[in-house]
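Please open the model in your viewer and keep a selection panel to hand, since the tour below moves from one pair of side chains to the next.

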Amino acid sequence: MMLRSILRAATAAPSPLKESQWQLSFCRSMASKSKSKSKSKSSKKGKPTKEKNQPKVDPKAKKEKVPEEIQTVSPNVSAAEEAEKRRRLLAEDDKNPALDVGPNGRPLFTSIPSLSMLTKEDTNAYFKFSMKELKEVLPEGLPMGMMKEFEESSRSALLMRQCFVDLRDNFRRAADPSLAVKPRAPKVRKQIVLDGPLSCGKSIALAMLVHWARKEGWLVLYVPKGREWTHGGLFYKNPQTGLWDTPVQAANILRDFLKYNKSILQCLKCNVHDPIPLGEGAGVGPPKGSDKMQISADSTLCELVEAGISNTHAAVGVVVRLREELSKVTSIPVLIAIDQYNSWFTFTEFEEPVTVRSCVPIHAKDVAIVKAFRPMTNDDMMVGAFSHSTAVGKLRQELPDVPTDARIHFPRYTLDEAATVCHYYLRQRLVKRDAFTEDNWKKIFYLSNGNGTELRYLVPFMR
């Protein structure tokens, strides 16, 4: 009995081997659980786990297996190669005058060397400009539409339209009434506002008119970006006039005016000798000492403009005085050309504080330099062009201080003009010759509705 009880107790007690095996299996299970938890956490964090026996990978082999860099660079390289190939082919085409053929076998380019010699027979043909001459005659800057046309067509040439010839002839007769006038010629207007749909060529026509007038020896004040007169810079309210002075814009206007016209201004004497009131300067506060700038009897317009550039307190007053002086010049024709003219009939970027928490926008008519140059009620020659790309909005037909008959409609391309334009783009290799047909270019004309920008964009899609 004793032996049997000892055997039963031995079998009931756990052996140390089994206990160690159970502890080992428990530790393995816990280790596996911790590994699975670490894997799940690393997968959530996006960090892959590294195994001990994982073979090492050569970093150079990884770089060889990634072709994305080559794929991202290849489109740019191909575009650059295509552009270089096109420039090379255009240089070869220039040696072949047989390619300069427009619709119905007419010459694609006019042989007239100057804009002043253009006639009706030279319309619907392209006039070649020199970029060096353009930058010299128009130092204020070229319109964006003109620069885009030169860039995409790879040639500094513009279509001579009948509407531009009519505009040029109008101001030619306005400057010299003794010129012969045809019986059915339109009425001569000294003040004109060019209005029309977007991308119809108003800014380009205005720039070409300034180019022609300056080549004729006229004194021209050209403002290619009238919107800048009412946006940006510093503005102060002048207590003497109640208007808002913008000395930064005023100094820029005087600098641009002096770039091309300096030699002419040196020969013109000042006709108004009243002292010019001084205002607050750009970032320097009101003037110290005298509040007026004296004008001597023998001062020239060039000295007047240079005084406004050097003295920030006098910049706005000189611009306002310059408008008065231009009206009194009689020895040579004077033309004032303003692009983005419609931005002067709406609110500016400036605001006047009313209370601590509120402001009211300032209208362009309350800005001193705009108030001086906006009216067309005098006898001076003046032309303004609306710009519908500045988001000004539609204005009413009758504008303040503008004659009722001054606003004329500037059209988009006609069918004949579009034919010449499409043949010109064919000549400049914007479209393949095997895809160029009369039906195709007419489809593009009707699709773009004569819009010059859209037509140039759609021409390469001819198939």
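Which residue forms a salt bridge with aspartate 93? Select arginine 429: the closest N and O atoms of this pair are 2.8 Å apart, where a salt bridge is a side-chain nitrogen of Lys or Arg within 4 Å of a carboxyl oxygen of Asp or Glu. The pair links distant parts of the chain, 336 residues apart, with aspartate 93 in helix H4 (residues 68-93) and arginine 429 in the loop between helix H13 (415-427) and helix H14 (438-448). Helices (H or I, at least four residues) and strands (E, at least two) are DSSP runs, numbered from the N terminus.

This is a predicted model, in which local features need pLDDT of at least 70 and side-chain atom pairs count only at pLDDT 80 or more, while totals for chains, interfaces and linings use all residues. Residues are numbered from 1 along each chain as its sequence is written, and side-chain values use heavy atoms, with hydrogens and water left out.

Switch on a surface for the same pair: aspartate 93 counts as buried at 10% relative accessibility, whereas arginine 429 is partly exposed at 38%. Buried means under 20% relative accessible area, exposed over 50%, and partly exposed in between (1.4 Å probe, protein chains only).

Next, select arginine 155 and aspartate 94, whose side chains meet in a salt bridge of 2.7 Å, N to O. Arginine 155 lies in the loop between helix H6 (144-153) and strand S2 (157-160), and aspartate 94 in the loop between H4 and strand S1 (125-128), 61 residues apart. Here arginine 155 is buried at 16%, and aspartate 94 is partly exposed at 46%.

Then move to helix H11 (residues 315-326), where arginine 321 and glutamate 324 are three residues apart and so separated by about one helical turn. Their salt bridge has its closest N and O atoms 3.8 Å apart; arginine 321 is buried, with a relative accessible area of 9%, and glutamate 324 is partly exposed, at 38%.

For a wider view, select Asp94, Asp100, Arg155 and Arg427 together, which are joined into one network by salt bridges that share partners. The count of salt bridges comes to 23.

Finally, colour by pLDDT, the predictor's confidence in each residue, from 0 to 100. The protein chain has a mean of 84, and 82% of its residues reach 70 or more. Over residues 9-28 pLDDT stays under 50, and the model has zero contacts (heavy atoms within 4.5 Å) beyond four places in sequence there. Where pLDDT is low, the predicted coordinates should not be read in detail.
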